[in-house]
Amino acid sequence: MRSSLCQICRVCTSLPGFLTFFITFHISKVESAQFTVVGPDQPVTAIVGEEIVLPCRLSPNMSAENMEVRWFRSEFTYYVHLYRDGTDQFGGQMPEYRTRTAFWKDGLTHGNVSLRILNIRPSDEGQYTCFVIDGITNEEAVIGLKVAAVGSNPIISVEDYQPGGIHVMCRSAEWYPEPQVLWRNAQGHHIPSLSEIKSPKANGLFQTEISVVISGHSNQNLSCWVRNSLLDREKESAIYISALFFPSVNPWMVALSVILVVVLSFIILNVYLLRMKGNLQRELGWKRAVICPGLGQTAPPLEKEDVTLDPHTAHPYLILSEDGKRVTSAGARQVLPDNPERFDTRPCVLGRESFASGRHCLVRGGQDPALVLGAGR
């Protein structure tokens, strides 16, 4: 019994030391469970179409196999990738990241919780949060992602002639972000462009068009320069246009051309006016003969024309001689048989024989009738 009491006394005596040891051990264990999540200070740059690893680790190094690791962007529950209970969880993953994310499980025992993203797109650009939780302890780090793409080689084409020179166009596509584009001469100096268009396509990549008008006296040798400032990479294409393609203009030739144009215009105008004058004179002569025949002059005798007049066509105001060679004015309308061939609007009469290319029409004018050519009523 004494020995038992001694043992109890020894335990009682060592109890404060035991408590001290237990508290120290527990605090040490809690402190060892504390960690921080560390990511890069600067944004990570990824190339479109390739893959990228977003670095993230625990400090100090410790196993994260039994922790929850969540990668998300703007919404905590709508995640890019989630590792929990020792497996990847895809139930609430963002649709645009499905089959495109992978976790570095081999490095979990050393605190490596980095995320790999496959087939980078322009829409992947932005901020990502690496969130790690162990029981009630959680830490996070924010990692920025920049996306870039180097597009196609510039294609230069000669479009057409414009005032002042030749219109040249440069086209390039599949750039991200929006590239720098400019024209340069053989000395590397910037040439002002005529127009510049940069537009995004459906996949988010940019295509660009830039044009310039070059003259035969300068900038015959020029290049189209396209640059991605994020990657500090550029592409360039050059073209040389021979002076033979530029129209040479001689001041004397220009002056001579202007004079020739003026002279030809004057000649054409005069010819046109002369023809118009002749047409007007002929028209006036015909009207004179039809409307005001004779104009105070005596008409030539009908006998000289050897014309026999047709009494069935004579106007009621005309009186024909018995031999049908003369015609005089009746002074008043006569009562004559109705005949479809008789003139009823103009004081005319037709001849029975052909004359020249038409038939004779005798009209009353002044005191005597006049003989004119007619083609019927």
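User: Before we start, what does "buried" mean here, and what makes C348 count as buried?

Analyst: Buried means under 20% relative accessible area, exposed means over 50%, and partly exposed is in between (1.4 Å probe, protein chains only). C348 has 0% relative accessibility, so C348 counts as buried. Keep in mind that this is a predicted model: local features need pLDDT of at least 70, side-chain atom pairs count only at pLDDT 80 or more, and totals for chains, interfaces and linings use all residues. Residues are numbered from 1 along each chain as its sequence is written, and side-chain values use heavy atoms, with hydrogens and water left out.

User: How do you know that C56 and C130 form a disulfide?

Analyst: A disulfide is a pair of cysteine sulfur atoms within 2.5 Å. The sulfurs of C56 and C130 are 2.2 Å apart, so the pair fits.

User: Why is the disulfide of C56 and C130 called left-handed?

Analyst: The torsion about its S-S bond is about -90°, so left-handed is the word.

User: What makes C56 and C130 buried?

Analyst: C56 has 2% relative accessibility, so it counts as buried. C130 has a relative accessible area of 0%, so C130 is buried too.

User: Why is the link between C170 and C224 called a disulfide?

Analyst: Their S to S distance is 2.0 Å, and the cut-off is within 2.5 Å, so the name applies. The torsion about this S-S bond is about -85°, so this disulfide is left-handed.

User: And are C170 and C224 buried or exposed?

Analyst: Buried: C170 has a relative accessible area of 2%, and C224 has 0%.

User: How many disulfides does the whole structure hold?

Analyst: The search finds 2.
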